[in-house]
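Below are my comments on the model you sent, as numbered points. Please read them with the coordinates open.

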Amino acid sequence: RQRYVEKDGKCNVQHGNVRETYRYLTDIFTTLVDLKWRFSLLIFILAYALTWLFFGLIWWVIAYSRGDLEHLGDHSWTPCVNNLNGFVSAFLFSIETETTIGYGHRVITDTCPEGIVLLLLQAILGSMVNAFMVGCMFVKISQPNKRAETLVFSSHAVVSLRDDRLCLMFRVGDLRDSHIVEASIRAKLIQSKQTQEGEFIPLDQTDLSVGFETGDDRLFLVSPLIISHEIDERSPFWDVSRGQLERDDFEIVVIL
């Protein structure tokens with residue numbers, strides 16, 4: 001059957017008919033972090049390439065408007081940028097400026113005020129692009145998506161007596177030596193229901209107590225632990241028989 005949350009923790013929900021897509025652009029940093037790797041890398045490459053091309057074009061326009069390209073090889077002429085003889089060299093100078101490589105062959109002179117202003121502007125904007133894109137990639141790399149690969153849950157949950165009380169139990173363990181600090185666990189019952197007024201609520205979420213009142217939900221996950229939900233008067237399973245439990249369509253989602 002179709003699951004609400006897959007075994008690997010991914011929610012089986014697709015967003016459709018989203019009209020206000022501009023909201024994604026208002027928080028562009030989180031949007032870039034949430035994108036798939038191929039799109040993030042594409043945007044990462046385009047951000048730098050387009051910036052270099054844009055400023056390279058401006059450097060070329062400055063050289064062209066000043067007449068530097070018409071005085072190539074004229075040692076009596078002081079160009080805005082030495083050894084800039086076309087768009088390709090302007091593009092390379094743009095890369096050198098923004099990445100602070102500085103080969104020393106092409107260098108700006110002090111007789112070009114518009115070039116000095118552009119140099120300052122590109123240095124500032126280049127630092128902003130570096131901070132934004134590198135920060136985005138760092139956050140994306142440091143996301144603990146694979147941390148759950150070494151968290152192991154028992155294949156089955158059981159309903160059995162424990163200390164003469166009927167309990168729903170399952171086991172969880174961590175395979176890594178680096179322990180999770182302040183680990184806490186919650187359980188949600190996902191089930192559609194109909195209210196007394198006749199309203200149908202799809203995928204209603206009901207909290208299953210796994211020790212919130214006693215503090216047992218805060219785990220010291222060094223060795224595998226058995227998580228227990230007592231089926232008492234407050235439990236949604238209190239009025240459910242064994243046969244009904246096998247027939248009902250519901251799902252229990254455990255959040256560690």
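1. L50 counts as exposed because its relative accessibility is 53%, and the cut-off for that class is over 50%. The residue is found in helix α3. Please keep in mind that this is a predicted model.

2. What surface feature does L50 help to make? It belongs to a nonpolar patch of about 770 Å². The other members are L42, L46, L53, L57, V61, F87, V88 and L92. Helix α3, which runs over 37-66, and helix α4, over 87-99, each supply at least two residues of the patch. The most comes from α3, with 6 residues.

3. A database record bears on the helix that holds L50. The unreviewed UniProt entry annotates residues 39-62 and 116-139 with "transmembrane region". In the model, residues 39-62 are 100% helix and 0% strand, with 34 Å between the end C-alpha atoms. For residues 116-139 the model also gives 100% helix and 0% strand, and the end C-alpha atoms are 34 Å apart. The general tendency of nonpolar side chains to be buried together is stated for soluble globular proteins. The annotation should be kept in view when the exposed L50 is judged, and it comes from the record.

4. Is Q122 buried or exposed? Q122 counts as buried, because its relative accessibility is 0% and the limit for buried is under 20%. This residue is found in helix α5, residues 113-142. Leaving aside residues up to four places away in sequence, Q122 touches F55, W59, S94, T97 and E98.

5. Which residues touch the most other members of the largest nonpolar core? They are I185, L219, I227 and F237, in a core of 16 residues. Strands β3 (165-174) and β5 (186-194) are the elements that give two or more residues to this core. The largest share, 3 residues, comes from β3. Another core lies apart from this one and has 11 residues, including W59, A63, C80 and C112. W59 of that second core is also one of the contacts of Q122.

6. I185 deserves a separate look. Its contacts, not counting residues up to four places away in sequence, are F170, V210, D217, L219, I227, V254, I255 and L256. Two of these, L219 and I227, are named with I185 among the residues that touch the most other members of the core. The list also includes D217.

Notes: Residues are numbered from 1 along each chain as its sequence is written. This is a predicted model: local features need pLDDT of at least 70, side-chain atom pairs count only at pLDDT 80 or more; totals for chains, interfaces and linings use all residues. Side-chain values use heavy atoms; hydrogens and water are left out. Patches are made of residues with over 30% relative accessible area and no salt bridge: like charges are joined within 9 Å, nonpolar side chains (Val, Leu, Ile, Met, Phe, Trp, Tyr) within 5 Å. Accessible areas come from the Shrake-Rupley method with a 1.4 Å probe; for residues, only the protein chains shown count as cover. A salt bridge is a side-chain nitrogen of Lys or Arg within 4 Å of a carboxyl oxygen of Asp or Glu. Helices (H or I, at least four residues) and strands (E, at least two) are DSSP runs, numbered from the N terminus. Buried means under 20% relative accessible area, exposed over 50%, partly exposed in between (1.4 Å probe, protein chains only). UniProt positions are given in the numbering used here, feature names are shortened, and annotations may be inferred rather than shown by experiment. Contact means heavy atoms within 4.5 Å. A nonpolar core is a set of buried Ala, Val, Leu, Ile, Met, Phe, Trp, Tyr and Cys residues joined through side-chain atoms within 4.5 Å.
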